[in-house]
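Colleague: I would like to learn how to read a protein model step by step. Where do we start?

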Amino acid sequence: MTTKAIDPTSVPAWQALSEAAVALGGITIRQLIDDEPGRADRTSLSAARVHLDFSRQRVTPAVVADLLQLAEETGVFDRRAQMLDGVHINTTEDRAVLHTALRRPRADSLIVDGVDVTAEVHGVLDRMAGFADAVRSGRWKGATGSPISSVINIGIGGSDLGPAMANLALEAFADTEIAFHFVSNVDPSDINLALRRCDPASTLVIVASKTFTTLETMTNAQAARAWLVAGLGESAVDRHFAALSTNEEAVRAFGIDPQNMFGFWDWVGGRYSMDSAIGLSTMIAVGPDGFSQMLDGFHAMDQHFATSPPEANLPVVMGLLEVWNRNFLGIPTTAVLPYSQYLARFPAYLQQLTMESNGKSVRWDGTPVSYATGGIYWGEPGTNGQHSFYQLLHQGTDPVACDIVVVARSESPHGDQQDMLVANALAQAAVLSRGRTAEEVAADGTPAALVPHKVMPGNRPTSMIMIDRLDPFTLGALIALYEHSVFVQGAVWGIDSFDQWGVELGKKVALGILADLTGHDSHPVDPSTDASIALYRRLR
């Protein structure tokens, strides 16, 4: 039976925070920093080689205390325990939520619904490791005897965003003898661009679809299969394809040997799956040892989240700051700004993680919310963004909260460029949070007519997230930090962060329209859609 969700607006801490937001009034982040000795020390937390400095957030110690009380009063910590124990907190699908089980140590048994999920996870990891080693070493040969030099990962959503992000993030640790390509868009140009860069004789195609029926993924997979068969013949399929799926019948019908099929579980949501079999391309890139180190980073942050006191808990504090900005300061969006080219795909990955999880307007018991929930996440790598959208961040009419992610040590050092990069990150954090007053602008000798144009209001809540280096361990820890921050937000809001019904309806309607476009059937939708169909037919 679904438990009744707590309306967070009904608890005392919510009222206290509402009053605190009003009391802050015109007090700025600059004032908070300047008037609170030792603030940076008290607002810095570290775990699993990840360091969070939230001194540039618009909070006082009293606000932080009230936020922690809000977490207590809304049952965040009880819900955390339920998630980690395998209780079915995904209420609409009656499922456990066990992505943390994907990175538990082998000896750490966890029995859920009568099954030792840790043993099952490590059974799949062991098979993945054997396969990855064979591909990396050249023991795995294609149909003509050639080793694999190209891997194409075909998936969509979490089956693409996670592996694509990780592949770029860990490129400095990857096997340079193998090129990786990621295909997700059903636009035929996406698969064609990948195939154009590959030789079928030395290409491995990984098809990532739990059901092996996902329309976009299987359409691209069939295109890749036709390309391979045209070049090497039907018998070559089983030497050039692997499946990340649980549908053995469909995998076998496609022509893939079930020995090359790697499964995962319904308690793993797509956006939480990159450390499951979905990460096979990552394991081939960085090797089983590198993948294991990534899992260790995930697990280290999991342990921190599970056991550290709330006031010293990075994901708890980070998630509560998002609630503060969203619900009490009225800031609907967060820009994720990684100052690392290797993390160029990290904001796109977080878009799905955060917005698919918490973009909900009813609580887990079906009652409607009366408050804002999931914020809008977006971003681009730092210095390039400075020459595009940072103008709006600094002087736009809508304040944007910012997460600035900094890597202290470059894996590709060149002169003083890393120092230049980090200097830019720190400068942006200072200007976003502190701004620049008219008096300061005028003191530089700026003509009076230009002074208003150069004023920076600041007061943009900014978190600084810093790691020593971007390696498999810290990547895992960084992802887990955001996973658990998302959990905390959803738990406060009383929503189910682990379903995604908003994704399903559009796919169902699309199938009807597809039948109409291809002349197989007629599915009138609405007058506007019917007009668009008619226009498309004429233009086609």
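Modeller: We start with aromatic pairs. Rings of Phe, Tyr and Trp count as a pair if their centres lie within 6.5 Å; planes under 30 degrees apart are called stacked, over 60 edge-to-face, and the rest tilted. Keep in mind that this is a predicted model.

Colleague: How many aromatic pairs does the structure hold?

Modeller: It holds 13 aromatic pairs. Take Trp-14 and Tyr-371: their ring centres are 5.8 Å apart and the planes make 55 degrees, so this pair is tilted. Trp-14 belongs to helix 1 (residues 12–24), while Tyr-371 sits in the loop between helix 14 (346–358) and strand 11 (376–378), so the pair ties together parts 357 residues apart in sequence. Both Trp-14 and Tyr-371 are buried.

Colleague: Which residues form one aromatic cluster with Trp-14 and Tyr-371?

Modeller: Trp-324 and Phe-328 join them in that cluster. Another tilted pair is Tyr-272 with Phe-498, at 5.5 Å centre to centre and 45 degrees between the planes. This pair also links distant parts of the chain, 226 residues apart: Tyr-272 is in the loop between strand 9 and helix 12 (280–307), and Phe-498 in the loop between helix 20 and helix 21 (501–517). Tyr-272 is buried, with a relative accessible area of 2%, and Phe-498 is buried at 8%.

Colleague: Next, the core. Which residues have the most contacts inside the largest nonpolar core?

Modeller: They are Trp-267, Ile-284, Trp-324, Phe-346, Leu-475 and Tyr-482, in a core of 122 residues. Helix 20 (residues 472–493) supplies the largest share of this core, 13 residues. Phe-346 shows what such contacts look like: leaving out residues up to four places away in sequence, Phe-346 touches Met-165, Val-336, Leu-478, Ile-479 and Tyr-482. A second, separate core has 23 residues, including Ile-154 and Met-218.

Colleague: How do I read a sheet?

Modeller: Strands of a sheet pair through backbone hydrogen bonds, either parallel or antiparallel. Here, one open sheet has five strands in the order 6-5-7-8-9, with parallel pairing. Strand 6 (179–183) and strand 9 (261–262) are at the edges with a single partner strand each, so one side of each has no neighbour in the sheet. Strand 5 (residues 150–154) pairs with strand 6 over five bridges, and Ile-154 stands opposite Val-183 in strand 6.

Colleague: Which strands does helix 8 touch?

Modeller: Helix 8 (residues 188–196) packs on the sheet and touches strand 5 and strand 6; its direction makes about 170 degrees with that of strand 6. Helix 9 (residues 215–232) lies across strand 5, strand 6, strand 7 (203–208) and strand 8 (241–244), at about 160 degrees to strand 7.

Colleague: Last, charges. How many salt bridges are counted?

Modeller: Side chains of opposite charge can pair when their charged atoms come close. In this model the count comes to 21 salt bridges. One of them joins Asp-34 and Arg-434, at 3.0 Å from N to O. Asp-34 lies in helix 2 (residues 29–35) and Arg-434 in helix 17 (residues 417–434), so the pair ties together parts 400 residues apart in sequence.

Colleague: Is Asp-34 buried, exposed or partly exposed?

Modeller: Asp-34 has a relative accessible area of 46%, so it is partly exposed. Arg-434 is partly exposed as well, at 27%. Salt bridges can also form a network, as Arg-103, Asp-275, Asp-302 and Glu-483 do.

How values were computed
Residues are numbered from 1 along each chain as its sequence is written. This is a predicted model: local features need pLDDT of at least 70, side-chain atom pairs count only at pLDDT 80 or more; totals for chains, interfaces and linings use all residues. Side-chain values use heavy atoms; hydrogens and water are left out. A nonpolar core is a set of buried Ala, Val, Leu, Ile, Met, Phe, Trp, Tyr and Cys residues joined through side-chain atoms within 4.5 Å. Buried means under 20% relative accessible area, exposed over 50%, partly exposed in between (1.4 Å probe, protein chains only). Helices (H or I, at least four residues) and strands (E, at least two) are DSSP runs, numbered from the N terminus. Contact means heavy atoms within 4.5 Å. Two strands pair if DSSP finds at least two bridges between them. Axes are lines fitted to C-alpha atoms, for helices over the stretch in contact, and angles run from 0 to 180 degrees between N-to-C directions. A salt bridge is a side-chain nitrogen of Lys or Arg within 4 Å of a carboxyl oxygen of Asp or Glu. Rings of Phe, Tyr and Trp (its six-membered ring) pair if their centres lie within 6.5 Å; planes under 30 degrees apart count as stacked, over 60 as edge-to-face and the rest as tilted.
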